[in-house]
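Thanks for coming, everyone. I'd like to walk you through one chain today, and I'll put it up on the screen before I say anything about it.

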Amino acid sequence: MANNENTAVIDNQNEDSWSDIDESLLVQCDDNENSDPSVINKETSHLKDPLKVEEEETPLEQFCKHGYLCVTDLTQQVWCEQHLCYTMMGMEPPLPSPLDQVPPPLPTADRPEVKAGKSVHLARELEVHNVVSVKISSRADKWGLHTLNLLSTIRGFLSGIRVAREVPIFGDPFGTGDLFFGIVDELRFDADSYSLGLVELKTRKTQRMPGKAQKKQHSLQVLIYKQLWDNLVRGNFSTDFFLKKLNLTASADQPLSEGVLQHIDSSGVPASSLRQLLTQLTTSVQALVCISSVEIEYVLQETGSVIGRTSVREDFDWLWRMFGHCMDFWHGRRGVEGVAIEEAWKCGGCEFSPVCEWRMKKSRVLSAQNRCSDKEL
Ligand code: SF4
């Protein structure tokens, strides 16, 4: 989007809010990475199994009644699926005990580093466009604004703009019938070479570059963004599927609300309904190209200075495997999984640690294994 152009901001942008949460998790876990994975024992047998709720529903049906998943749902899932489940269930972390020597970790969204990360993102966004608040009255309005913001980016690139930030993206990344929504931090268009690059911004509290676990999350995130964008450019986006998944087929041709229409008008887009916006989007994007480079930029929260950059190589087989494993959970084809035993260091920074079913289960398995080894000796 151009300098001084406007982009609409919509409340409840879950995708954006979670953009840097993995950073927060890591900050609290760094010190635990080398700890002994067998030390995961706490007495929690009084707890019921939270995942026995409404067993007949798949997690997708249970938690995503709005019809779509955010890309960051998958990245949180890759960090720890059990943690994501507890969060989606609205489970409260246990109250601190007076005997605790250190305060328990804060809920992830409340951590200062997450809030600091959001400020850096907003500052970056304001460098390239103004953010205006638009009142919405319906879900069609909300998706109309997402569509308009994406369409404005495309029109901007086609009229000489080189950088767009906080760009919404949506679609079915692998044609599996699953709708995803995401917000790309930055797209850079080079009109001379006619190429497009994607840059994801990650803020960090320390100068250190991320470890393997975080890199995996970040790679998954940006490669799904790329997949969504490339699908749009290739014409692999079905408006009917999109509207059906969001249960907006009936309202897609209705005029959007007054405030939204005024914003559309001020953007110079001749449209008054969600379907008209989607038609313009799918037509305009054909004039652009697929993303040819994907990069993650790590910046220090305190100063905003760049710590380092990583190029992400496209690896379709890896992406498909990761995506498939995640979706097996959402569609109820397998049960919930917590962290692997070699990643038990993550549990040290987790607010659900004292009540985590997965930890208890792993602890019991480890204890049984240790008893067997003792007998063999
Ligand atoms: S304690 Fe460990 S396994 Fe359990 S939710 Fe937290 S990070 Fe996941």
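Let's begin with helix α4, where the buried residues are V71, T72, D73, L74, T75, Q76, Q77, V78 and W79. That is nine of the nine residues in a helix running from 71 to 79, so α4 is largely enclosed by the rest of the structure. Please keep in mind that this is a predicted model.

Stepping back to the whole chain, we have 13 helices and eight strands. Of the 377 residues, 39% are buried. If you take the contacts between residues at least 6 apart in sequence, 77% of them join residues at least 24 apart.

Now, which residues touch the most other members of the largest nonpolar core? That core has 70 residues, and the ones to look at are I169, I224, Y225, L228 and L274. Let me zoom in on L274. Leaving out residues up to four places away in sequence, L274 touches A140, W143, G144, T147, L248, A252 and L256.

Another residue I'd like to show you is H263, which sits in helix α10, residues 258-266. Is H263 buried or exposed? It has 23 other C-beta atoms within 10 Å, and the cut-off for buried is 20 or more, so H263 is buried. If you trace from H263 to L145, you cross 118 residues in sequence, yet their C-alpha atoms are 8.8 Å apart in space.

On to the ligand. There are 14 residues around it, and those that come nearest are C80, G338, C347, C350 and C356. Two elements give two or more residues to this shell: α5, residues 81-88, and α13, residues 357-376. The biggest contribution is from α5, with three residues. Sorted by class, the shell has eight nonpolar, four polar and two charged residues.

Finally, two backbone spots for the phi enthusiasts. Y194 is not a glycine, but its phi is positive, near 50°. You'll find Y194 in the loop between β5 (180-190) and β6 (195-204). Y194 counts as exposed because it has 10 C-beta neighbours inside 10 Å.

The other spot is N247, also not a glycine, with a positive phi of about 60°. N247 lies in the loop between α9 (239-245) and α10. With 12 other C-beta atoms within 10 Å, N247 is exposed; the cut-off for exposed is 12 or fewer.

That's my tour, and I'm happy to take questions.

Notes
Residues are numbered from 1 along each chain as its sequence is written. This is a predicted model: local features need pLDDT of at least 70, side-chain atom pairs count only at pLDDT 80 or more; totals for chains, interfaces and linings use all residues. A residue is near a molecule or strand if its C-beta atom, placed from the backbone, lies within 6 Å of it. Helices (H or I, at least four residues) and strands (E, at least two) are DSSP runs, numbered from the N terminus. Ala, Val, Leu, Ile, Met, Phe, Trp, Tyr, Cys and Pro count as nonpolar, Asp, Glu, Lys and Arg as charged, and the others, Gly among them, as polar. A nonpolar core is a set of buried Ala, Val, Leu, Ile, Met, Phe, Trp, Tyr and Cys residues joined through C-beta atoms within 7 Å. Two residues are in contact if their C-beta atoms, placed from the backbone, lie within 7 Å.
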